[in-house]
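Reader: I would be grateful for a close look at a single part of this model. Please take one helix together with what surrounds it, and set out the reasoning step by step.

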Amino acid sequence: MDWKEEDNKLKKTFRFNDFLEAFGFMSRVAIIAEKMNHHPNWSNVYNTVSFELNTHDAGDVVTDKDHKLAEEIDKLV
């Protein structure tokens, strides 16, 4: 599944085998997001991690920063 842009957000959901795998993925995303100084709006329930990316400093719209973070997130899967 590709990232979907709607409501001024880039959205995508990832599913893993279990909670531990999902949490490990989130930890890797957190390191990249911190280095980029661009922190996602995300949620986790058991083996599912969902993202809604937009740039707060730009008025809560999708920018290049969001697309770059999405690309980096995809590389982790």
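Author: The following account concerns helix H1, its two ends and the neighbouring hairpin. The model is a predicted one.

Helix H1 comprises 18 residues, from 19 to 36. At 1.5 Å a residue, a helix of this number of residues should span 26 Å, and the end C-alpha atoms of H1 lie 25 Å apart, so the expected and computed spans agree.

The buried residues of H1 are Ala22, Phe25, Met26, Val29, Ile32 and Ala33. Because these residues cover an arc of only 125° around the axis, they fall on the same side of the helix. On the other side of H1, the exposed residues are Leu20, Ile31, Glu34 and Lys35. The cover over the buried residues of H1 includes three strands, E2 (9–15), E3 (41–45) and E4 (48–53), together with helix H2 (64–75).

The two ends of H1 also merit description. At its start, a side-chain oxygen of aspartate 18 comes within 3.3 Å of the backbone nitrogen of leucine 20; leucine 20 is also among the exposed residues of the helix. Just after H1, asparagine 37 adopts a positive phi of about 50°.

Two of the covering strands, E3 and E4, are themselves paired: they run antiparallel and are joined by five bridges. One of the pairings links asparagine 41 to glutamate 52, its bridge partner in E4. Two residues lie between the strands of this hairpin, in which tyrosine 46 has a positive phi near 50°.

Note on methods: Residues numbered from 1 in each chain as written. Predicted model: local features only at pLDDT ≥ 70, side-chain atom pairs only at ≥ 80, totals over all residues. Heavy atoms only, no water. Helix = DSSP H or I, 4+ residues; strand = E, 2+ residues; numbered from the N terminus. Expected span 1.5 Å × (residues − 1). Buried < 20%, exposed > 50% of the residue type's maximum accessible area, 1.4 Å probe, protein only. Arc of directions from axis to C-beta. Contact = heavy atoms within 4.5 Å. Polar contact = N/O pair within 3.5 Å; in protein donor to acceptor, adjacent residues only side chain to side chain. Pairing = 2+ DSSP bridges.
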